[in-house]
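Me: Please take a close look at a single part of this model and tell me how it is packed. Then set it against a few other places in the chain.

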Amino acid sequence: MGSYRMCVCFARKFKVTEAAPPPDVKDAFNKYAKGGPHMTAEQLHRFLVDVQGQGGAATVADAEGIVQQVLQKRHHMAKFRRHGLTLDDFHHYLFSADLNPPIGDQVHHDMTAPLSHYFIYTGHNSYLTGNQLSSDCSDVPIIKALKRGVRVVELDIWPNSTKDDVHVLHGRTLTTPVELIKCLTSIKEHAFSESPYPVVITLEDHLTPELQAKVAQMVTQTFGDMLFFPDSECLKEAPSPEDLKYRIIISTKPPKEYLEAESNKDKMNNSQKGKESDDDVWGKEPAELNGDQEDDKTDTDADDEETDSFEPELRPSRAPVYKHLIAIHAGKPKGGLKEALKVEPDKVRRLSLSEQALEKATRSHGTDVVRFTQKNFLRIYPKGTRFNSSNYKPLIGWMYGAQMVAFNMQGYGRYLWLMHGMFRSNGGCGYVKKPDFLMNVNPDGSVFDPKADLPVKKTLKVRVYMGDGWHLDFKQTHFDLYSPPDFYTRVGIAGVPADEIMKKTKKKEDNWTPVWDEEFMFPLRLPELALLRIEVHEYDISEKDDFAGQTCLPVSELKPGIRAVPLFNRKGEKYNSVRLLMRFEFV
């Protein structure tokens, strides 16, 4: 009879001890409860006014409501049976992301300015489920984006194989198509589930006039009165988000421009075979590049806005209805960048540049870009070589006033976290009013220059007290098999280059409820564009540190005082319990 060997491994059971309130919380409690064991609603109100900066917003009735909610939640008391909150109740209140969040959830910007005065939450190739080359096309990512508050959806429209219907797909790739009508119907159903403000559909159109007429019919039948289109040939000034509540706006190149673009391309191809013109600010199509040419020469995406599939002899007059539906005209004027950035007195238009074309443009024409975006729309999109649906730094667009910084919403990572952070502003409605400095024209006619040296406007003081909730949201062995986790926090600023910095706390060893109690100072030159970046990692001596949560908060929206900051996973989904206790002060 053979003998059996048995190996038994025991995973340690980790005890989670609740961390005591940090010294600042104890001090505040003692000060406002006047040394007593309970803090009354009146005393809590004083604290909200003095420390939390809620002077105009908080009333004694609000404070009473908070006391009641906390007592009900913690002690299941329906009525006041006690004088108020104990120190632990007070700490529980401060550490509750629901009761004491770091930013507000209401729309509070002026929504009556023209649409071009706002940064708009914008998707790129919104129909792709994964990478740019071979993933499925579907309406599911479109619905997900709309539910997140995205307001600009991009659809690439192509003829189907029998040329009698319209499909949405990423052209010249192996992506499997989805029917246009399915995408339009889903947009109609979900457009306003998160925000009442308008949804813009940017169409990248590769259709014949016959199919354009079919699209016009589909769009009109699907959206009906929701559809906004201007009375005149083109928009003289963009209406406001308030005026356009619950409306759908179409933006693409008018058919005529497609024809001109095609015939010009033919002429260019004949006259400049193999030669790249210096003033061709758009760069070459990746499809036209030889394999040995560098990636960074590809200024335009394989088909983003700049190509189409018209035969020059097809006449545009066969799709007049289609042309009439286009509210925001897209397209690039003839000539170089200077011409493209010209502001026309009675015409609003949209220009699309790849992230590289933008960098090129801002090197020589930075203030022209700012001036252009005061009235017209600028859309920035990821370079064509981002096959894995990664993203770029959104600040490069925002600091020049670009309204539509288009992102791959399925391309998770730090840049997308910044995008999520920016659009937590203004109640998450998808429209964020641009700072005044981007809209102002100085008496001498000059505008803001993002390259100029700027003085520090204010300093943000951030204190990271402690964290909690990991033991509820993660398995005990998620971070380490045999010991509790060693957490540290990275905290810093994303913004204009001069403001960018990351700092970190010391690591707290073997603790599910780490207490750091460390303070950081961030001098800010443009606080209006700054985002506070927060990440928690778990130190791992032998491998890459584990990810333990992140968030990104607009500095302009931060509520001063001691706040509970909920953290999110890599995809930007909120954890149920993981949060940090922090303090924000502007000095």
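Reply:
**The chain and one of its helices**

Of the 587 residues in the protein chain, 56% are buried, where buried means under 20% relative accessible area, exposed over 50%, and partly exposed in between (1.4 Å probe, protein chains only). The model is predicted, so local features need a pLDDT of at least 70 and side-chain atom pairs count only at pLDDT 80 or more, while totals for chains, interfaces and linings use all residues. Residues are numbered from 1 along each chain as its sequence is written, and side-chain values use heavy atoms, with hydrogens and water left out.

The protein chain holds 15 helices and 20 strands; these are DSSP runs numbered from the N terminus, helices being H or I of at least four residues and strands E of at least two. Its accessible surface is about 26,200 Å², and carbon and sulfur atoms supply 50% of that; areas come from the Shrake-Rupley method with a 1.4 Å probe, and for residues only the protein chains shown count as cover. Among contacts in the chain with a separation of 6 or more, 73% join residues 24 or more positions apart, a contact being heavy atoms within 4.5 Å.

The part to look at is helix α4, residues 87-94. Its buried residues are Asp89, Phe90, His91, Tyr93 and Leu94. An α-helix has 3.6 residues a turn, so residues three or four places apart point the same way. The buried residues of α4 pack against three helices, α1 (23-32), α2 (41-50) and α3 (60-75), and against the strands β13 (458-468), β19 (561-568) and β20 (574-586).

Take α3 from that group. The axes of α3 and α4 come within 10 Å and cross at roughly 105 degrees; axes are lines fitted to C-alpha atoms, for helices over the stretch in contact, and angles run from 0 to 180 degrees between N-to-C directions. That makes α3 roughly perpendicular to α4, a label given to angles of 65 to 115 degrees, with under 35 roughly parallel, over 145 roughly antiparallel and the rest oblique. On the α3 side the contact uses Ile66, Val70, Leu71, Lys73, Arg74 and His75, and on the α4 side Asp88, Asp89, His92 and Tyr93. Of these residues, 4 are nonpolar, 2 polar and 4 charged; Ala, Val, Leu, Ile, Met, Phe, Trp, Tyr, Cys and Pro count as nonpolar, Asp, Glu, Lys and Arg as charged, and the others, Gly among them, as polar. Asp89 and Tyr93 belong to this contact and are also among the buried residues of α4.

Helix α3 also meets α2. Here the angle is about 115 degrees and the axes are 8 Å apart, and α2 and α3 are therefore roughly perpendicular to each other. The crossing is right-handed, that is, the near helix is turned clockwise from the far one by less than a right angle, anticlockwise being left-handed. Ala41, Glu42, Leu44, His45 and Leu48 of α2 meet Val60, Ala63, Glu64, Ile66 and Val67 of α3. That contact divides into 7 nonpolar, 1 polar and 2 charged residues. Ile66 takes part here and in the contact with α4.

One further residue touches α4 from outside these helices. Ala20 sits in the segment before α1 and is partly exposed at 47% relative accessibility. Leaving aside neighbours within four places in sequence, Ala20 contacts Lys26, His91 and Met466. The C-alpha atoms of Ala20 and Met466 are separated by 9.8 Å, with their positions 446 residues apart along the chain.

Elsewhere in the chain, Asp499 lies in the loop between β14 (487-494) and β15 (501-504) and is buried at 2%. Beyond four places in sequence, Asp499 contacts Ile493, Pro523, Leu524, Arg525 and Leu526; Pro523 is 24 residues away in sequence and 7.0 Å away, C-alpha to C-alpha. His365, in helix α11 (355-373), is buried with a relative accessible area of 19% and, with the same neighbours left aside, contacts Leu337, Lys338 and Leu341.

Two loop residues have a positive phi without being glycine. Ser389, between β10 (377-381) and α12 (395-398), has a phi of about 65 degrees and is buried at 1% relative accessibility. Asn426, between α13 (414-422) and β12 (431-433), has a phi near 55 degrees and is buried at 0%.
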